[in-house]
Structures are given as C-alpha cells and as structure tokens.
Amino acid sequence: MLSHIVSNSGFRPFSHCLLSWIRSTAVSRPHCLIQRPTFSLKFSRSWSNIPFITVPLMRTHGKPFAHRSELKHAKRIVVKLGSAVVTRGDECGLALGRLASIVEQVSVLQNQGREMMLVTSGAVAFGKQRLRHEILLSQSVRQALHSGQNQLKEMAVPVLEARACAAAGQSGLMALYEAMFTQYSICAAQILVTNLDFHDEQKRRNLNGTLHELLRMNIVPIVNTNDAVVPPAEPNSDLQGVISVKDNDSLAARLAVEMKTDLLIVLSDVEGLFDSPPGSDDSKLIDIFYPGDQQSVTFGTKSRVGLGGMEAKVKAALWALQGGTSVVIANGTHPKVSGHVITDIVEGKKVGTFFSEVKPAGPTVEQQGDMARSGGRTLATLMPEQRAEIIYHLADLLTDQREEILLANKKDLEEAEGRLASPLLKRLSLSTSKLNSLAIGLRQIAASSQDSVGRVLRRTRIAKDLELEQVTVPIGVLLVIFESRPDCLPQVAALAIASGNGLLLKGGKEAGHSNRILHHLTQEALSLHGVRDAVQLVNTREDVEDLCRLDKLIDLIIPRGSSQLVRDIQKAAKGIPVMGHSEGICHMYVDAEASVDKVTRLVRDSKCEYPAACNALETLLIHRDLLRTPLFDQIIDMLRVEQVKIHAGPRFASYLTFSPSEVKSLRIEYGDLECCIEVVDSVQEAIDHIHKYGSSHTDVIVTENEKTAEFFLQHVDSACVFWNASTRFSDGYRFGLGAEVGISTSRIHARGPVGLEGLLTTKWLLRGRDHVVSDFSENGTLKYLHENLPIPHRNAN
C-alpha cells in the first residue's frame, strides 16, 4: 500500500502530502470538467517512463468464463468502485487509504500485461467536502466582519446540490488518481460520459476509439458519468436489449460490453449476494449466481451512498454477462480483504459472488457440506451393527469389483505417465494385492467399530438422582485432502463410517478415474441403510485454499500428501483445526552395541521396502565406534546393492577421503531411494540430533543394550519411537487400527497413526429430576456426592 511520498523535507505520510498538493493546486485547476456535446477526456502528466505490456495474455472474447479458476486468463478488466468504497463513512470526503490500496492492485495487474479500466464514483463526495469548506470559510469571514468578535456563532451548512458537488469534485478526484498512479509509473486518463454518448452512434464510435487508443498506449482510463450535467434517471428507460446509463453500475456494465471486456469487478460495501437479507441469522453468501436465480434472492435497501442498490448491480451484472463479460460482485470496504480483493478475484479465489451461465452438473461444495453434515448425523444414530454392515459390504465390493477399479486406475496411470515423479506414480498405482489388503483392513475396522460411537467413558453421581455421563461422539464433518493415493479413499471412508462422521473427500486430479469408481462403491455400500450422502467427493474446481475457508461446514481437516501440501493447508486453514504432519523425516540410530544380524535387515526394510512412504527411513545415525568396522561395511554394501543414493552429513564427510555428495540440509524428506548418513558420539547426541532435525514422526534405535534402548524410548519426543523394529511399522493397519486417516505429529487430541479413536470426541449427558443449582448452596437441601459409578460394558446405543 502507498504510505509515503518523497518531499524536500523528508518523508511524510502519503495522504498528507497528497492533500497538501491537491489544495495547493486547487486554485490553478478548473473546478469542473464539462465539455459538450461529446464526452470529456483528460490526460494525466508525462508518461515517458511507462512500462509497456510485456506479458502476453491471449483470449478471444466471446462467452464469459464458466469457472472462477479461468479468471486468471482475463486480459481486459473493468473495476467499478461504488460510492461506499470510495467515500468515507461520514459521506464527506474520500477514503484515501482504501483508494491507495485499490490503485496499487490495479497497477500490479496493469504491469502484468492486463488492460485495466476504472469506473469510479466519488466526485460528489469530494466536491461536497470542498464546497462545505468554502462555504464555512466564507461564512466565518462574513460573520467575523459583521460581529468584530473572535467568537463565532454556530454556522449551518446549506444542503448542497449534487451536480454542483460533482462539478467541484471532478478535478480533485482526478488529481488524486493521478498522484497515486504516478507512484507506479502508470499514466491515467479521465473520461466523462453521459447516456447520449452511448446512444449517439458517432459519439459511441468516438468513445470506443478513444478507449482502445488509451489501452494500446498502456494508459488506465478512469471513467465516470458526468454528474455535473447528467439528467435524473427515468424509471424503466432501458431500450430493448440495451441498458441505460443511470448510475455507475449500468455504466460499468455498458462499458464492459462495448469494450468486449473479459471481467467486470463490482466493488461495494457488501460481500456479494445473499439468499436472504445480509445480517439475518440464516443468510448465506451466494458463491455463484446464475441467470434466472433472481427469485431466490431477497434484495435489501440500497447502499448508504450512491444511486444504485444491489438490485441495480445484479441487473447490470446479468446484462454484462449476457454480453459476454464475466462478473464478480464483492466487498471493497472490509479492512481485512480490501487490500487484496481485486487480485484475489483475478487469481480465481472464492471472493464475493461470481456470475456464471454454466451451472455445475452436481451440487456445490457448500451443498455437499450440508449433505455430509446431515448424512453424518443420521449415520451416528445407526446401530453399531448397521455401521459395521456398511463397511463389510464396502470391503466385499473392493474385491468383487476389482477389475473395474484396476481399469480406472490404469487410465490414471497412463495419463500421469511422464507428468508425475516415480514416487508419486507408485502411490497412484493400485494392484490386486493392494485391494485385498484394503479389504482386510476394512473388515478390521468393521469389527472394532462395535463399541465406538456412544461408548461411556465415565459415570459420576453428582447427587441423589443426578447422574453424569461422558460418552464418545463423532467430531462432525471431516475434510480429507489427498494426493496420488486412491487407496486412501476407502480407508478414510470406512473410518468415517465407523465413527459416524460426515466426510468430504478432495482427491488429486491425477487419480480422478480411480477416485470416482471408489466413491461410487462407497455410496453403494452406504445405501444399505439410507445414508448415501454421508460421504461426498468434491469434484468441483474448488481450490484447496477455498475449501479451507469453509469453517461453518468443516470441523477437521486431514491432509494426506506431500509435505508442501500439508504446509499449504496448515497455512490456509481459517479457524479449522488441521490434523497431520508436514514431513516424515524418520531416523534410525545404530548404537555401538547393535546386532550385526539385525541392522542390515532393519535398514533395508525401513529405507527400501517403500521409500515413498512418510514412514520410510531418511537419516541413518551411526555411532562413531562403528566406523571402519564390518558392520558399517555391510550397511554401505547393502545400500549400494539396493541402489540407494547416499548423502554424507558434515561429520561423516569429515571422516572420509572420498565421500559421497555432502548433504545440503539435515532436514530433508527424500521420498525416494536416497538416504543421509551422519555420525554421532552417543545415544544422547543421537537424541539431540533427532530433536533438532527430525519431524517428530517415527524414530528408531537398534541396540542390544536394554538400558540404552529404554533411555532412547523415554527421551525421544516423537509420535512413534521403536526399539529394534522397522520405521515402516508406523501405520494404522500394522498397529491393528484397521486403517488410518493419517499420522499426526501434533500434541493435541491424537498423535501417531490416527484410526477410529482419533475421529471421536466426547459430550456430557446429565440426567436429573428437577435439580437446580440453588439447592446446593450453603443453605440448600442437597449436597454434592461426586461418586464414581461403574461403566457398562455394552454400547450406549
């Protein structure tokens, strides 16, 4: 955001310098810009150092964009600034900070090679401020002359006529834009229009030619209705198929269509369109608005300033949409988003209401969230045997329909060949053995789900006939985002079913065919007991960042994928907890008293069995006494045979004359046949290394010394710590959990492989008989007992 401007006396706040400059030049500049009968045009100062277009953004204008994700291809953009955006809350004067931020965003997009145009309000407000100042000044001078006293009586400001305010404010408004755009070496030109400029064919051609010439020269046209001369708008004055210029909303729409604009951004003081009046308890922001949906919208009152209300904006937007221009209506006044609202819209983020002619084939993600919530609640009320039956049926479908599943997976693999790295291709691949293992894991989940939801954890007698229970309940709606792992879908679905949770699944597009068939089979199994909607697969073009903002629909996000994906989700999640780990940097410490027979088996299995897994070995720590011993040589020979690329840690490299490539960082998750080897002097040094460079995932010690092993187990602060066992055991299926939704390295709620138990929370049930707190006061008739009661063995359901 613009904040300072250079002056001879140093740095001063930009707004102060700007206002001082405007006031100092107000006398020499005309107070209004009125040129009849054609539109008015005014250039800003020298533009000799303008950066001309360097980034090609090619698009043939025709149909509007169908999806938000396509908005990044918009080349020609009109930004309409409503009066509420431009003016201050007191409606007298301009919101300088907000305007500076908008100019910065427009400048960024202009310098990307786009063609930006502004339709701006604000002349009336600026002129009102100027005329009020002049009137008060003249009144105070006259009063002082007549009274001869220093004390002035309270002066009343007369009601100012809007056209006069516009005439007085146009030059000041343009001077403000000039100063702001100059900071980015961008030239701006002012154009004042009236309705006649669009209806008179010659004037229309002149206007069109002027705008195209300005855009060709990389100049930002700033367009406004000539409010100093424009007549009042007549009701229902639109010509057939043509919108009349009654306000800046209709002007922006008309301009966008005339100039074959790709995108029209309408900024106001509301977030967009709502299905009921904004601020009401059940009002919801409409993400995408389609022609014909007007009946589903209740229009409120118009903005606090300006001529057009939301109904006028929607009418203008639909007219522009029909003319081939995409439209987004959004909030340009909110302090948390106004600094990036325009660039966010162009990047395709979920901001405001997007107007589209293309309705998606299926439900929106918001509708899917509601369905998952409703279906999950019904799922939670089923008997445990019914939930188990659904999971058993899904396990059977995985084996019965294996040919269809593998055929779909083959399509994914063929499409991904050459585009995905080898580790990701391995994760993407399904096989008969994988499907059989999945089915076995699902049956384990079904067997263990008999006593999950509604299990009594604690019973307390608070007082006579007042008993308290703590029982397990589902978390609510889970969002699981996974990459290149179609086998993740049935695993996570089974765990959600067993725990009674609604589920939204967002898979990577590289596994699209596999995910669709697996989701279809999941819904087929859910249909056994009428809860088909409890598990939803998000197929819309929602960005992960947009999904992470749905805090009213989602209770927990579980990412399954690369460390970068997990980090991005943790950063993007707004008010929604994220369960998972960003990296799987697993260590194995080979102690001086390690068994020769065990070490090579454990290292081979941990590193080579499935190197792409998050629980694969990444750093091997060797006790210094083992260097140049047969054990050490066996480890190196085995890794070479398995074609593992070795990276030497700094200390290990110092012991070697000809060392392998020295590691760039000791905090790397390779995810492939690569491994770092480092030397330590003791078990304590190994622990210190793990705490400094590890990710608290899974760490192992190999030793025959039980005391050393126990010291390691107790002091390593990781989710999983093993003794003489492969890192690959860190897995929900191998732990007997049936499956896992992921491995958590957080310290709240669940840690390590997260199975069924990690998807449950609790609630408290209190059963009484006309009990009130006042009965337990000092003079009351009852006393607290707080007696622990036995827990029933059967499920509370």
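1. In this predicted model, strand E13 (residues 466-474) and strand E26 are paired in the antiparallel sense, and eight bridges join them. Within that pairing, Gln-470 has Trp-764 of E26 as its bridge partner, which gives a reader new to the structure one residue pair at which to start looking.

2. The two strands just described belong to an open sheet of four strands, whose order is E26-E13-E12-E27 and whose pairing is antiparallel. Strand E26 (760-767) and strand E27 (787-788) are the edge strands here, and because each has a single partner strand, one side of each is left without a neighbour in the sheet.

3. A second open sheet, again of four strands, has the order E16-E15-E14-E17, and its pairing is parallel. At its edges stand strand E16 (535-537) and strand E17 (556-560); each of them has a single partner strand, so one side of each is left without a neighbour in the sheet. From one strand to the next, the twist of this sheet averages 20°.

4. Within the parallel sheet, strand E14 (residues 477-482) and strand E15 (residues 502-507) pair over six bridges in the parallel sense. Ile-481 has its bridge partner in E15, namely Lys-506.

5. Two helices lie across strands of the parallel sheet, and they are best described one after the other. Helix H11 lies across E14, E15 and E16, and its direction makes an angle of about 140° with E15. Helix H16 (residues 488-499) lies across E14, E15, E16 and E17, and runs at about 170° to E15.

6. Which residues lie nearest the centre of the largest pocket? They are Leu-285, Lys-350, Glu-366, Arg-549 and Leu-550, out of a lining of 47 residues, and the volume of this pocket is about 1,800 Å³. By class, its lining is made up of 17 nonpolar, nine polar and 21 charged residues.

7. The elements that each supply at least two residues to the lining of the largest pocket are strand E9 (288-289), strand E10 (326-331), helix H10 (341-346), helix H11 (365-381), helix H18 (544-547) and helix H19 (563-572). The largest share, four residues, comes from H19. Helix H11 therefore deserves a second look, because the helix that lies across E14, E15 and E16 is also among those that supply at least two residues of this lining.

8. Turning to enclosed spaces, the model has two cavities of 30 Å³ or more, and the largest cavity has a volume of about 40 Å³. Its lining consists of Phe-198, Arg-204, Leu-207, Asn-208, Leu-211, Leu-255, Glu-258 and Met-259, which by class are five nonpolar, one polar and two charged residues. Helix H7 (201-216) and helix H8 (248-258) each supply at least two residues of this lining, with the largest share, four residues, coming from H7.

9. Finally, the confidence of the prediction should be kept in view. The protein averages a pLDDT of 83, and 82% of the residues score at least 70. Confidence is lowest in strand E1 (residues 4-7), where the mean is 36, and highest in strand E18 (residues 586-590), where it is 98. Over residues 1-56 the pLDDT stays under 50, and the model has 119 contacts beyond four places in sequence for this stretch. Residues 302-308 also have a pLDDT below 50, and that stretch has 23 contacts in the model beyond near neighbours in sequence.

Methods:
Residues are numbered from 1 along each chain as its sequence is written. This is a predicted model: local features need pLDDT of at least 70, side-chain atom pairs count only at pLDDT 80 or more; totals for chains, interfaces and linings use all residues. Side-chain values use heavy atoms; hydrogens and water are left out. On a 1 Å grid over the protein atoms alone, a cavity is a set of points where a 1.4 Å probe fits but cannot get out, and a pocket is an open set with protein on both sides within 12 Å along at least five of seven lines; lining residues have an atom within 4 Å of a point. Grid points are joined across faces, edges and corners, and a volume is the space filled by probe spheres set on the points. Ala, Val, Leu, Ile, Met, Phe, Trp, Tyr, Cys and Pro count as nonpolar, Asp, Glu, Lys and Arg as charged, and the others, Gly among them, as polar. Two strands pair if DSSP finds at least two bridges between them. Axes are lines fitted to C-alpha atoms, for helices over the stretch in contact, and angles run from 0 to 180 degrees between N-to-C directions. Contact means heavy atoms within 4.5 Å. pLDDT is the predictor's confidence in each residue, from 0 to 100.
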